[in-house]
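Here are some short exercises on an interface and on one residue away from the opening topic. Have the model open beside you and try each task before reading its solution.

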Amino acid sequence: MKIIRKAAAGTLESSDALIIVKPLNGNDIKIEISSIVKQQYQKKIECAVYQSLEALQINGIHIKVEDRGALDCTLAARIETAIERAAAAEE
Amino acid sequence: MRRRVMLYVPGNTPAMVQNATVFGSDSIIFDLEDSIPLEEKDAARILVKNALQSLEYPDTETVVRINSIQTEHFQKDLEMILPAGPHAIVLPKTESGADIRELESRILQILGEDSCEKANIEIIPLIESALGLINIVEIVNSSKNITAAQFGAEDFSENIGARRTKRGMEILFARSQVVAACASRMIQAIDTPFTDIDDEAGLREDAGFARNLGFDGKSVISPRHVDIVQQIFSPSADEVEFATRVIEAFKEAEKAGKGAISVDRMMIDAPIVKRAENILEKAGIGNPL
């Protein structure tokens with residue numbers, strides 16, 4: 001899959017995360033994280049984001065995560081949704 | 001599987017999806033249909049898929065209400081949700097046996113024969129239209145995987161042009177039909193939710209009436225309704241005590257080769273023994289025979 005447009009998924013409700021993705025030139029991955037538990041969990045959230053991107057085989061993406069205490073499975077779900085909305089299947 | 005109360009949870013709300021077991025319902029129905037706006041259908045199915053794969057729901061049945069056969073979301077819901085292993089699927093707007101056969105054929109296609117048998121996914125048709133009600137006997141007999149049928153009064157009333165009231169006379173016929181059809185197949189009949197979230201007295205009356213009509217349980221849309229409905233659809237201590245004595249008397253009579261038995265001067269025959277078995281099962285004591 002290739003990111004071709006800006007897209008978002010999730011909300012700023014408690015236990016959720018708002019994910020905004022947009023295309024980035026080349027194969028770079030840029031991650032911005034804002035979280036109510038950033039101090040304790042920044043690394044963990046970053047790790048979860050990288051895992052999701054790897055599983056979906058995505059690069060060339062700028063991903064912004066606004067976390068409101070989402071579990072890993074919720075974070076992964078929102079990332080997957082945002083990417084599906086932003087992507088086109090590669091030929 | 002007891003289904004005294006089945007709690008509907010919007011499939012796109014992480015806080016509800018992850019915490020739903022806290023409320024103590026027998027079943028959680030993750031909803032992908034009416035509570036999810038069109039533009040969020042994709043988000044809801046992915047969230048529910050992830051939750052089923054990653055989270056534990058101990059002592060609780062996990063059920064998914066997918067979108068109806070007539071929608072573009074039906075196939076996408078099944079492809080994503082089935083591999084995540086829900087216990088059961090609610091099929092909304094079920095109107096014929098053909099709808100159930102179509103669902104089963106897609107399940108088989110998606111899971112393959114071996115996985116399908118292992119997964120043993122149960123099917124719960126939701127009857128919410130005049131046509132669905134008229135065809136309910138055909139529907140409940142269309143598959144051995146159907147273990148319950150739900151009644152949906154709001155859509156049903158809209159469909160027949162009835163004015164929906166708390167007293168519920170306009171849905172009495174439909175409720176009774178659902179109960180009778182389910183009883184004929186020995187599957188569970190699940191009543192419609194009570195939609196006034198703040199009216200506890202109204203809920204008790206409505207649930208009590210449904211229980212008296214013969215429903216085995218009720219679906220609810222508010223966590224605040226779980227305890228009340230569960231209590232109403234659970235046998236009372238007196239019922240359990242009497243049922244226990246009936247079963248004990250029956251077992252002793254069988255051992256002694258006696259034909260007629262009585263308990264508290266009531267003649268005990270096969271239907272009474274069967275009712276006693278059902279009561280103990282609903283009380284979570286299992287089948288003592």
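**Exercise 1.** How many salt bridges does the rule find across the interface of chain A and chain B?

*Solution.* Start with the ground rules. This is a predicted model, in which local features need pLDDT of at least 70 and side-chain atom pairs count only at pLDDT 80 or more, while totals for chains, interfaces and linings use all residues. Residues are numbered from 1 along each chain as its sequence is written, chains are lettered from A, and side-chain values use heavy atoms, without hydrogens and water.

Next, apply the criterion: a side-chain nitrogen of Lys or Arg within 4 Å of a carboxyl oxygen of Asp or Glu. The rule finds three salt bridges between chain A and chain B. One of them pairs Arg85(A) with Asp42(B), with 2.7 Å between the closest N and O atoms.

**Exercise 2.** Work out what area chain A and chain B bury between them, and which three residues of chain A supply the most.

*Solution.* Buried area is the accessible area (1.4 Å probe) that two parts lose on being put together, summed over both. For these chains the value is about 1100 Å², with 52% on carbon and sulfur atoms. On the side of chain A, Cys73(A), Arg78(A) and Arg85(A) supply 39% of the area buried against chain B, more than any other three residues.

**Exercise 3.** Decide whether Arg65(B) is buried or exposed.

*Solution.* Buried means under 20% relative accessible area, exposed over 50%, and partly exposed in between (1.4 Å probe, protein chains only). Arg65(B) has 9% relative accessibility, so Arg65(B) counts as buried.
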